[in-house]
Amino acid sequence: MVTLTHIVSVPSEVRNAFLFFSVLEFAVGILLNAFIFLVNFRDLVRRQPLSHCDLVLLSLSLTRLVLHGLLFLKAIQLTHFQRMKDPLSFSYQTIIVLWMIVHQAGLWLTMCLSLLYCSKIVRFSHAFLLHAASWISRKIPQMLLGAMVLSCVCTLLCLWDFFSGSHLSAVTRLLMNNSTELNLNIAKLSFFHSFLFCSLASIPSFLLFLVSSGMLVFSLGRHMRMMRAKTRGSGDPSLEAHTRALRSLVSFFCLYVLSLCAALFSIPLLMLWHSKVGVMVCIGIMAACPSGHAVILISGNAKLRRAVDTILLWAKSSFKVRVDHKADPRTPDLC
């Protein structure tokens, strides 16, 4: 029976600092995405109509909650149970592959959000594009269902590739038990193949996201030229809608690329250079990116901003009542 051994290959100060920031990032990410999920889920429970944007945010926040949980497990596994010069444990490989799958599902959902913004904001002149935008704006629930189905298909393919590759490498190591170096290289190649396969499966959704975001950028440029020609004031609602949508999508693009680069760079750090500190930095970047995008989504959504204002107002009034209660000498002491 194989038992997990407590491994410390970095200074305890570095390990403790990494665990502290991991807990902090986990708490912030869970708090932000749980807030987005609960605000929209409350309306769903009350049978209030949810907009298509709310449906996408509800699904996206749920995937982000799972994503933060996997990253926290990855941080615990890295600091306590993974020896860097040994082959990657099966549990650590599984967490990485599951993170890639959930990350990919989040990309499909963000692609739906980008198409929704594009269909609602961009003013098309071509008849086919106008009809397509009208169809997309009506079919967002079906697109969400389709995105989930495609995510499930990609998940099954990635898991099949990962487990079949792990089984094949295990059989190969048994047949070639006289070559430790060769066995290690086979295990590395098998895991790298699974990781690359999961990464390539996100290309279609990423291309659709880029196309719809590019159309928003083109529409914003055209709208800015029209504003300069008409010398319209700065309080243009169409300009504000363009700006908020692009802020959300551009920030997601930057954070997604940063997170994916950190994930890709962590693989050679794990398997070639055996740098645990470098992998810790990559995990910190991967955990910070979804939280940063959640902040931008909250700031750009009117319903979520109202919920934040309500919570702050309640907290302020509650604190004021407590202060007045302590300051009033006529208040009877119940103790």
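Arginine 47 sits in the loop that runs between H1 and H2. I start there since this is a predicted model, and a backbone value in that loop deserves a look. Arginine 47 is not a glycine, yet its phi is positive, at about 60 degrees. For background, most residues other than glycine have a negative phi. As for its surroundings, arginine 47 has a relative accessible area of 79%, and because the cut-off for exposed is over 50%, arginine 47 is exposed.

Now the overall layout. The protein chain has 10 helices and zero strands. Read from the N terminus, the order of elements is α-α-α-α-α-α-α-α-α-α. The chain has 335 residues, and buried residues make up 44% of them. On contact order: take the contacts between residues at least 6 apart in sequence, and 79% of these join residues at least 24 apart.

Next, the helix pairs. A packed pair is described by the angle between the two axes and the distance between them. On either side of the arginine 47 loop we have H1, residues 12-45, and H2, residues 52-81. Their axes are 9 Å apart and the packing angle is about 160 degrees. An angle over 145 degrees counts as roughly antiparallel, so H1 and H2 fall into that class. The crossing of H1 past H2 is left-handed. Sorted by class, the residues in this contact are 17 nonpolar, nine polar and four charged.

H2 also packs against helix H9, residues 276-300. Here the angle is again about 160 degrees, and the axes are 11 Å apart. H2 is therefore roughly antiparallel to H9. This crossing is left-handed. On the H2 side the contact includes Leu57, Leu60, Arg64, Leu67, His68, Leu71 and Lys74. On the H9 side, Val279, Met280, Ile283, Met286 and Pro290 are among the residues involved. By class, the contact of H2 with H9 comes to 13 nonpolar, four polar and three charged residues.

Staying with long sequence separations for a moment, phenylalanine 21 is in helix H1. Phenylalanine 21 and glycine 284 are 263 residues apart along the chain, and their C-alpha atoms are separated by 7.7 Å. Is phenylalanine 21 buried, exposed or partly exposed? Its relative accessibility is 49%, so phenylalanine 21 counts as partly exposed.

On to the core. In soluble globular proteins, nonpolar side chains tend to be buried together. In this model the largest nonpolar core has 76 residues. Which of its members touch the most other members? They are Tyr92, Tyr117, Phe191, Leu216 and Leu270. Which helix gives the most to this core? That is helix H3, residues 90-121, with 18 residues.

Take tyrosine 92 from that list. Setting aside neighbours within four places in sequence, tyrosine 92 is in contact with Lys74, Gln77, Leu78, Gln82, Leu270, Val279 and Ile283. Several of these names have come up already: Lys74 and Leu78 belong to the H2 side of the contact with H9, and Val279 and Ile283 to the H9 side.

Further along H3 there are two residues to show. Valine 102 is in helix H3. With a relative accessible area of 16%, valine 102 is buried. Apart from residues within four places in sequence, its contacts are Thr63, Val66, Leu67 and Leu70.

Histidine 103 is also found in helix H3. What does histidine 103 touch, not counting residues up to four places away in sequence? The partners are Leu67, Tyr256, Ser259 and Leu260. Leu67 therefore turns up for histidine 103 as it did for valine 102, and since contact means heavy atoms within 4.5 Å, Leu67 has atoms within that distance of valine 102 and of histidine 103. Histidine 103 counts as buried, because its relative accessibility is 9%.

Last residue: serine 151, in helix H5, residues 140-175. Serine 151 is buried or exposed? At 10% relative accessibility, serine 151 counts as buried. Not counting residues up to four places away in sequence, serine 151 touches Ala105 and Trp108. There is a link back to valine 102 too: the C-alpha atoms of valine 102 and serine 151 are separated by 8.6 Å, with the two positions 49 residues apart along the chain as the separation.

That is the tour.

Technical notes. Residues are numbered from 1 along each chain as its sequence is written. This is a predicted model: local features need pLDDT of at least 70, side-chain atom pairs count only at pLDDT 80 or more; totals for chains, interfaces and linings use all residues. Side-chain values use heavy atoms; hydrogens and water are left out. Axes are lines fitted to C-alpha atoms, for helices over the stretch in contact, and angles run from 0 to 180 degrees between N-to-C directions. Helices (H or I, at least four residues) and strands (E, at least two) are DSSP runs, numbered from the N terminus. Angles under 35 degrees count as roughly parallel, over 145 as roughly antiparallel, 65 to 115 as roughly perpendicular and the rest as oblique. A crossing is left-handed if the near helix is turned anticlockwise from the far one by less than a right angle, and right-handed if clockwise. Ala, Val, Leu, Ile, Met, Phe, Trp, Tyr, Cys and Pro count as nonpolar, Asp, Glu, Lys and Arg as charged, and the others, Gly among them, as polar. A nonpolar core is a set of buried Ala, Val, Leu, Ile, Met, Phe, Trp, Tyr and Cys residues joined through side-chain atoms within 4.5 Å. Buried means under 20% relative accessible area, exposed over 50%, partly exposed in between (1.4 Å probe, protein chains only).
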